[in-house]
Amino acid sequence: MTMHETVHVSVDAMIEDLRTLVEVESPSRDLDALMASAKAVAAVIESRLGGQAILVESEAGPHVHWSAGGDPKVLVLGHHDTVIPLGTLERRPFKVENGQATGPGVFDMLGGLVQAVHGLARLDDRSGVEILVTADEEVGSRSSRTLIEERALACGAVLVVEGAADGGALKTGRKGCGTFQVAVTGRASHAGLEPAAGVNALIEASHQVLDIAALGRPDIGTTVTPTVASAGTLDNVVPAEATVIVDVRVESAGEKERIESAFAALAPHLDGAEIAVQGAIGRPPMPESASTELFAVAKQLLPGLEGKAVGGGSDGNFTAALGVPTLDGLGAVGGGAHADHEYLVIEAMTERANLVAGLVNAIQNR
C-alpha cells in the first residue's frame, strides 16, 4: 500500500464490532466490568488481526496489549474504560439510525478502537505495530502510565485514537490537566450561643476559592476552576470542615510549576483554620510541536484535514511529554463525549480507518 492508496474497510463489520464493545459496559474502577470489556476488546483485535492480545493485569483493571511482532515502530493508543455507569445501556441502547451510531462510549472512544483495528486489518504488512488499550484513562491513567510510556519510547511514534475534535479535526495539542482538593479544618461551635468560639471552615473556604480562582491566566491558556464544594453539618453549627475541588488546565510546563507551587503555598485567612492540599497536574501539556511531523503526513493522506489544540487531556499527553511524536484525535468523528447524546458519524468511519492505516504505513516506511 502506498501513502495515497486507500484500503477497503467494511462499514457493516465495523458496526458489528462496535455493537459488541458498546454492549459490554465498562465504567472505570469496576474491575469485573473492565475484565469483561478487556476480553471483548482482545477478542475483536484477535479476530481481525490474528495473533494474541495480552491482558496486562493492574489494580485499575486489565489493559490490552497486542503486537504484530518485529522491530517496534508505532503504538496505536486508546482506552476501553468509560465514565458511564452500569445500567446506562438499558436506558440508552446501541442504535444505528439517520447516519449515526449512538450508545454509551461510541465516541469516547470505542468507535476509534474499532476503526483503527479495521484499518490495520487491511494492511499487508503490520510489522512493528502495537496496540495498547488501557483500563483507567478516564480516571487519570495512574496504573497504565508506566506501560504507556515504556511502549511509546520503544515504538517512537504514537497514534491516539480518541474521538476527533469538532468538525473532524485532529487534536494537535492538548492542555496539561489535573485536579486539586483543598481541605479546610476549622472548629465547631453553636451558631447561636457562641459563634465566636468556633472557626468557620466555610468562611475560610470562601477566602480560598477567591484566592484559587485568581490563579487563572486564561490569556495564556491557564484555567483554574473551582468545581465542587462542601461544608457544614447542621444549620445551627459553625462548620468545622469544608472541601473545595478545583479543575486546572495549562498549556506550558512553566505554568504547571507555577500552579502547583501556588497550591502548595495556600495559607489560611482565619486564626485557627488549617488547610491541607492534595493533587497535581497529573497530565503534562501536549505541545503542538509533538504532532507537527505526523500531522503533515496526515494532511497528505487527507487533504483539507484540520488540526486543533484542545483543552481536554488524553494519554497522548504522556507520550508527547517524552518527546515521542504523537498525533491525537484519530478516532471517531462525532461528539457528545460523556453525555447522553453521544454519537458517531458512520459516513466517516471508513475514511478514518484508512487514515490510521495510511499513517502506520508511512511510519513503517520512513
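## Two sheets, two helices and a pocket

Helix α4 lies across β5, β15 and β16 and runs at about 40° to β16. This is a predicted model.

The strands under α4 belong to an open sheet. Its order is β4-β5-β16-β15, and the pairing is antiparallel. β4 (95–97) and β15 stand at the edges with a single partner strand each, so one side of each has no neighbour in the sheet. Inside the sheet, β5 (residues 100–102) pairs with β16 (residues 343–345) in the antiparallel sense, over three bridges. Thr-102 stands opposite Tyr-343 in β16.

Another open sheet also has four strands. Here the order is β10-β11-β9-β12, again with antiparallel pairing. β10 (223–231) and β12 are the edge strands; each has a single partner, so one side of each is left without a neighbour in the sheet. From one strand to the next, the twist averages 15°. β9 and β11 run antiparallel and are joined by 10 bridges. One point of reference is Gly-178, whose bridge partner in β11 is Val-248. Helix α6 (residues 201–213) lies across β9, β10, β11 and β12, at about 10° to β11.

The table sets the two helix placements side by side.

| Helix | Strands it lies across | Angle and reference strand |
|---|---|---|
| α4 | β5, β15, β16 | about 40° to β16 |
| α6 | β9, β10, β11, β12 | about 10° to β11 |

Strand β9 also takes part in a ring contact. How many aromatic pairs does a search of the whole structure find? The search finds one. Phe-180 and Phe-263 are stacked, at 4.0 Å centre to centre and with 5° between the planes. Phe-180 lies in strand β9 and Phe-263 in helix α7 (residues 253–264), so the pair ties together parts 83 residues apart in sequence.

Now the pocket. The largest pocket has a volume of about 890 Å³. It is lined by 35 residues; the closest to its centre are Glu-137, Cys-177, Arg-249, Arg-283 and Gly-313. By class, the lining has 10 nonpolar, 13 polar and 12 charged residues.

Which elements each supply at least two residues of this lining? They are α4 (106–121), β8 (170–174), β9 (176–185), β11 (241–250), β12 (274–283) and β15 (334–335). The largest share, four residues, comes from β12. β12 is also an edge strand of its sheet. The elements that line the pocket thus include β9, β11 and β12, which belong to the sheet β10-β11-β9-β12. They also include β15, from the sheet β4-β5-β16-β15.

Key: Residues numbered from 1 in each chain as written. Predicted model: local features only at pLDDT ≥ 70, side-chain atom pairs only at ≥ 80, totals over all residues. Heavy atoms only, no water. 1 Å grid on protein atoms, 1.4 Å probe; cavity = no way out; pocket = protein on both sides within 12 Å on 5 of 7 lines; lining within 4 Å. Points joined across faces, edges and corners; volume = space filled by probe spheres on them. Nonpolar A, V, L, I, M, F, W, Y, C, P; charged D, E, K, R; others polar. Pairing = 2+ DSSP bridges. Axes fitted to C-alpha atoms, helices over the stretch in contact; angles between N-to-C directions. Contact = heavy atoms within 4.5 Å. Phe/Tyr/Trp six-rings, centres within 6.5 Å; stacked < 30°, edge-to-face > 60°.
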